[in-house]
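Got your viewer open? Here's a short tour, one selection at a time.

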Amino acid sequence: MRTDIFARLDREPEPPKIEIPRMSRHRIALFGGTLAFYLAIVVAVLVSSWLVALDWKVMLFRPYQQWPELHAFLDYYVVLGQRGPTAVMVASWLGWRSWRQHTLRPLLTLGTSLLLLNVTVGAVKFGLGRLGPHYATQIGSAELFAGGDIFPSGHTANAVVTWGILAYLATTPRARRYLSALSAFVSLGVGLTTVYIGTHWLSDVLLGWAAGLLIMLALPWFEPLITRAETWILSVRARWRVRLGLRRPAPGGPGSPAPVVLPQSLSGTSNSTGTGTGTGITDAEKSCPAPETSGSVAHTGAGGRTRAHSPHAVRSERAPLTPAGSRRPPHADRAARGGTAPAHPVTGGPVAP
């Protein structure tokens, strides 16, 4: 079983080098063509042209009555264009990517696109005030400036932006192509679903597609602003971490451990032969070292020098001390080894004269 697949879920050691999209000539040409299409739809609705007549024909056709078996499924499918659920799902994915790649760009890009969507689409919605098909009052009328808020379609524009941001932030060309096709399919299906259930005119959906595509094409112009915002947020976070003391203390600071005093070797002293001259330490004291205690103990000899013993001294660190003479007390009737034994009278034997 391969386990390296799960390694891709771990956090990367450093931020990867991701190519940021730029405003190329091709993108500018697409932006200009989409903007012209957007304005053409607005003008066609304002003058009640053939597009308004087509809206009424589709509405009177009542697709939800022609194919009622699709209604249950499409009621759930249209949620893919609703702001709340889609924003939570995509923000969760992009938040994990931000953590894994050590960058805030995915979340900041999503926030920028949703802010642009609210401002641009919301301004046109409330500015034109068009009523929906279920609230229309006059057949053939554009139903503008009547207090409505359905032109352009917010579900359609939100589907284009929310799912299109995944393709915009893709790290490889192959993933970008696949995600672009997926976002186009979802946004197209959401727009047609709103027409099927009768909540939007067909022109609402066309303008919603154009509005969402304009935002996606204009995002490279906001990349410098996103970069500056990310730098500022990271600098503020670093200052707060220093202020709250979340960084490790510097070596030798108040939080560093105290140095350990190692015992000095006794083999280098001048009185290692056991004479005890000038130190006040007898041979018996050297042969019987003081017991170890939990704290450091200092011994002061007659010469005034202080000798510190570290707690829990290792046996190998102690110098071997050998007493100079025998531990047995001298005996008068015993002779030293190797000498001639004194003559003793034998009991019962003749006494020498």
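**Stop one: a buried arginine**

Select Arg130 to begin: its relative accessible area is 0%, so it counts as buried. Keep in mind that you're looking at a predicted model.

What does the side chain of Arg130 meet in a salt bridge? Pick Asp55: the two side chains meet at 3.2 Å, N to O. This pair ties together distant parts of the chain, with Arg130 in the loop between α6 and α7 and Asp55 in helix α2 (residues 50-61), 75 residues apart. Asp55 is buried as well, because its relative accessibility is 2%, and buried means under 20%.

Now add Asp204 to the selection. It forms a salt bridge with Arg130, and the closest N and O atoms are 3.1 Å apart. Again the link is between distant parts of the chain: Asp204 sits in helix α9 (residues 202-218), 74 residues from Arg130 in its loop. Asp204 has a relative accessible area of 0%, so call it buried too. With Asp55, Arg130 and Asp204 all showing, you have a network of salt bridges on screen.

**Stop two: another salt bridge**

The structure holds 3 salt bridges, and one of them is between Glu223 and Arg105, so select those next. Their closest N and O atoms are 3.2 Å apart. Glu223 belongs to helix α10 and Arg105 to helix α6, so this pair also joins distant parts of the chain, 118 residues apart. Both Glu223 and Arg105 are buried.

**Stop three: helix α10, side by side**

Stay with α10 and select residues 223-243. If you put a distance between the end C-alpha atoms, expect 30 Å, which agrees with the span for 21 residues at 1.5 Å a residue.

Which residues of α10 are buried? Color Glu223, Ile226, Glu230 and Val236. These residues cover an arc of only 150 degrees around the axis, which puts them on the same side of α10. The buried residues pack against α6 (105-128) and α7 (154-168). Flip to the other side of α10 and you'll find Arg228, Thr231, Trp232 and Arg243 exposed.

Just after α10, click on Gly245, which takes a positive phi of about 70 degrees.

**Last stop: out on the surface**

Switch on the surface and select Val43, Leu46, Val47 and Phe145. They form a nonpolar patch there, with about 410 Å² of accessible area together. Val43 is found in helix α1 (residues 25-46), and its relative accessible area of 47% makes it partly exposed.

Terms used. Residues are numbered from 1 along each chain as its sequence is written. This is a predicted model: local features need pLDDT of at least 70, side-chain atom pairs count only at pLDDT 80 or more; totals for chains, interfaces and linings use all residues. Side-chain values use heavy atoms; hydrogens and water are left out. Patches are made of residues with over 30% relative accessible area and no salt bridge: like charges are joined within 9 Å, nonpolar side chains (Val, Leu, Ile, Met, Phe, Trp, Tyr) within 5 Å. Accessible areas come from the Shrake-Rupley method with a 1.4 Å probe; for residues, only the protein chains shown count as cover. A salt bridge is a side-chain nitrogen of Lys or Arg within 4 Å of a carboxyl oxygen of Asp or Glu. Helices (H or I, at least four residues) and strands (E, at least two) are DSSP runs, numbered from the N terminus. Buried means under 20% relative accessible area, exposed over 50%, partly exposed in between (1.4 Å probe, protein chains only). The expected span of a helix is 1.5 Å times one less than its number of residues. The arc is that of the directions from the helix axis to the C-beta atoms. Contact means heavy atoms within 4.5 Å.
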